Amino acid sequence: MPEQHRRFCIPSLLAALLVAVAALLHAARAADLPPTVGSIERLDGRIDALIPAGASIEVLAMGFTWSEGPVWIPAGSAGLPGECLLFSDVPQNRVHRWRPDKGVDVFLAPSGYTGPADYGREPGSNGLSLDRQGRLILCEHGDRRVSRLEPGGGRRTLADAWQGKRLNSPNDVAVHTSGAIYFTDPPYGLPKQLDDPRCELDFCGVYRIAPDGVLTLVCRTMTRPNGIALAPDEKTLYVAQSDPAAPLIKAFAVAADGTLDQGRTFFDATALAKTRRGLPDGLKVDAAGNLFATGPGGVLVLAADGTHLGTILTGQATANCCFGAGGGSLFMTADSLLCRVPLGAAPASAPVK
Ligand code: MG
């Protein structure tokens, strides 16, 4: 072979080989990522307007230890230039960012525990939300507080104690249009939960942070308050209880001063929990008042009258969900997975809380 020809061919062969190897690696990665999981259970015809027929549960990312607290970030909020989804990996003490064109990277670490020593299995942030000014609100397990990410840097503590006693481990949060913030405080972030010697409260509360910062205990009767969301008219506050002995969702009437009534059982998941994996956890409410509530099997879709319309059966222990992308999608944090299901084009699916 002439020398000139050899110089031309060898790099070409190498390039072709590299392209082939890259294609094989790409195919292997694609094969690792299941494009869809689970199925949609349809129990009532009303669900067809909320989740289109034929919709599937798409896996967007995987490999998390325990994903939680998803929140859709419109462009310009939380100090971020473009729209994205933020979510917690609680054991990994991180907040991740997912972008449609770039996948997942780390947005914030540590996210919920800043101490020098190991702090149990779930030290990181849990529920996330945006306040009315577009600032990120975090429920921090290990640092036992509700905080706000400040646009200029650092975090400001919004609540960390009740009557001088440290909170257990704030879990999830709902923001009222007045600027008030409701949050739940079960013990899951304490290394030994309520038996932990660091535990200072003997109950699991639901609290309200008023716009002026004053903290009020609005419920102390729930055994494990967890997910929390307001109805579109903000006259009802839903709180999920992740107690295996009483897995349910309660509905509270919200008074003009922001306090709650005694509440009523809105949905009892006891029967479902006998045959399906998972307990009531994070929940969101659409503009028509339908609930998308994690629970046994995945995400329960519940009408405002309490009817169980169907279930997004993820096949995973599913901790939380949020609306995003203009209301056209429901994002779900399901154990090690981040998933998405399309929602109907009806105004009922527009995001509100
Ligand atoms: Mg939760």
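Contact, on this tour, means heavy atoms within 4.5 Å. Keep that in mind while you click around, and remember that the model is a predicted one.

**Stop 1: Trp 72**

Select Trp 72, which sits in strand E4 (residues 67-73). Is Trp 72 buried or exposed? Its relative accessibility is 12%, so Trp 72 counts as buried. Now show what surrounds the residue. Setting aside neighbours within four places in sequence, Trp 72 is in contact with Glu 83, Cys 84, Leu 85, Trp 98, Leu 130, Cys 322, Phe 323, Gly 324, Ala 325 and Phe 331. Draw a distance from the C-alpha of Trp 72 to that of Gly 324: you should get 5.2 Å, for two residues that are 252 apart along the chain.

**Stop 2: the hairpin of E8 and E9**

Leu 130 was one of the contacts of Trp 72, so to speak our next door. Colour strand E8 (residues 125-130): six of its six residues are buried. Add strand E9 (residues 136-140), which pairs with E8 in the antiparallel sense over four bridges. Leu 130 stands opposite Leu 136 in E9. The hairpin has five residues between the strands, and Gly 134 takes a positive phi near 80 degrees there.

**Stop 3: some backbone oddities**

Stay on the backbone for a moment.

- Go to the loop between strand E7 (103-108) and E8, where you will find Pro 110. The peptide bond leading into Pro 110 from Ala 109 is cis, with omega near 0 degrees.
- Select Asn 93, in the loop between strand E5 (84-89) and strand E6 (94-99). Asn 93 is not a glycine, yet has a positive phi of about 60 degrees. With a relative accessibility of 12%, Asn 93 counts as buried.
- Then pick Arg 144, in the loop between E9 and strand E10 (145-149). Here too phi is positive, at about 55 degrees, in a residue that is not a glycine. Arg 144 counts as buried, at 2% relative accessibility.

**Stop 4: the magnesium ion**

Which residues coordinate the magnesium ion? Show the ion and you'll see Asn 171 (OD1), Asn 226 (OD1) and Asp 281 (OD), at 2.1 to 2.3 Å. Along the chain, the donors follow the spacing N-x54-N-x54-D. Asn 171 and Asp 281 link distant parts of the chain, 110 residues apart. Asn 171 is in the loop between strand E13 (165-166) and strand E14 (173-175), while Asp 281 is in the loop between helix H2 (270-275) and strand E22 (283-285). Asn 171 is buried, with 2% relative accessibility, and Asp 281 is buried as well, with a relative accessible area of 11%.

**Stop 5: Thr 184**

Keep Asn 226 on screen and add Thr 184, from strand E15 (residues 181-184). What does the side chain of Thr 184 reach? The backbone oxygen of Asn 226, at 2.7 Å. Thr 184 has 0% relative accessibility, so this residue counts as buried. Leaving aside neighbours within four places in sequence, its contacts include two of the magnesium ligands, Asn 171 and Asn 226, and among the others are Ser 169, Gly 205, Val 206, Ile 228 and Val 239.

**Stop 6: the nonpolar cores**

Next, select Ile 51, Phe 292, Val 301, Ile 312, Leu 330, Met 332 and Val 341. These have the most contacts inside the largest nonpolar core, which has 22 residues. Strands E3 (57-62), E24 (298-302), E25 (308-313), E26 (318-324), E27 (329-334) and E28 (337-342) each supply at least two residues of this core. The largest share, three residues, comes from E28. Zoom in on Ile 51: beyond four places in sequence, its contacts include Ile 40, Arg 42, Phe 292, Val 301, Ile 312 and Val 341. Apart from this core lies another, of 17 residues, among them Ala 159, Val 173, Phe 203 and Leu 215.

**Stop 7: the cysteines**

Last selection: the cysteines. How many disulfides are found in the whole structure? Zero. Take Cys 322, a contact of Trp 72 from the opening stop. Why is there no bond from Cys 322 to the closest cysteine sulfur? That sulfur, in Cys 321, is 7.3 Å away, which is too far. Cys 322 counts as buried, at 4% relative accessibility, and Cys 339 does too, at 0%.

How values were computed: Residues are numbered from 1 along each chain as its sequence is written. This is a predicted model: local features need pLDDT of at least 70, side-chain atom pairs count only at pLDDT 80 or more; totals for chains, interfaces and linings use all residues. Side-chain values use heavy atoms; hydrogens and water are left out. Donors are N, O and S atoms within 2.8 Å of the metal (3.2 Å for Na, K and Ca); water is not among the atoms, so sites may look incomplete. Buried means under 20% relative accessible area, exposed over 50%, partly exposed in between (1.4 Å probe, protein chains only). A polar contact is a pair of N or O atoms within 3.5 Å; within protein, one must be able to donate a hydrogen and the other to accept it, and residues adjacent in sequence count only if both atoms are side-chain atoms. A nonpolar core is a set of buried Ala, Val, Leu, Ile, Met, Phe, Trp, Tyr and Cys residues joined through side-chain atoms within 4.5 Å. A disulfide is a pair of cysteine sulfur atoms within 2.5 Å. Two strands pair if DSSP finds at least two bridges between them.
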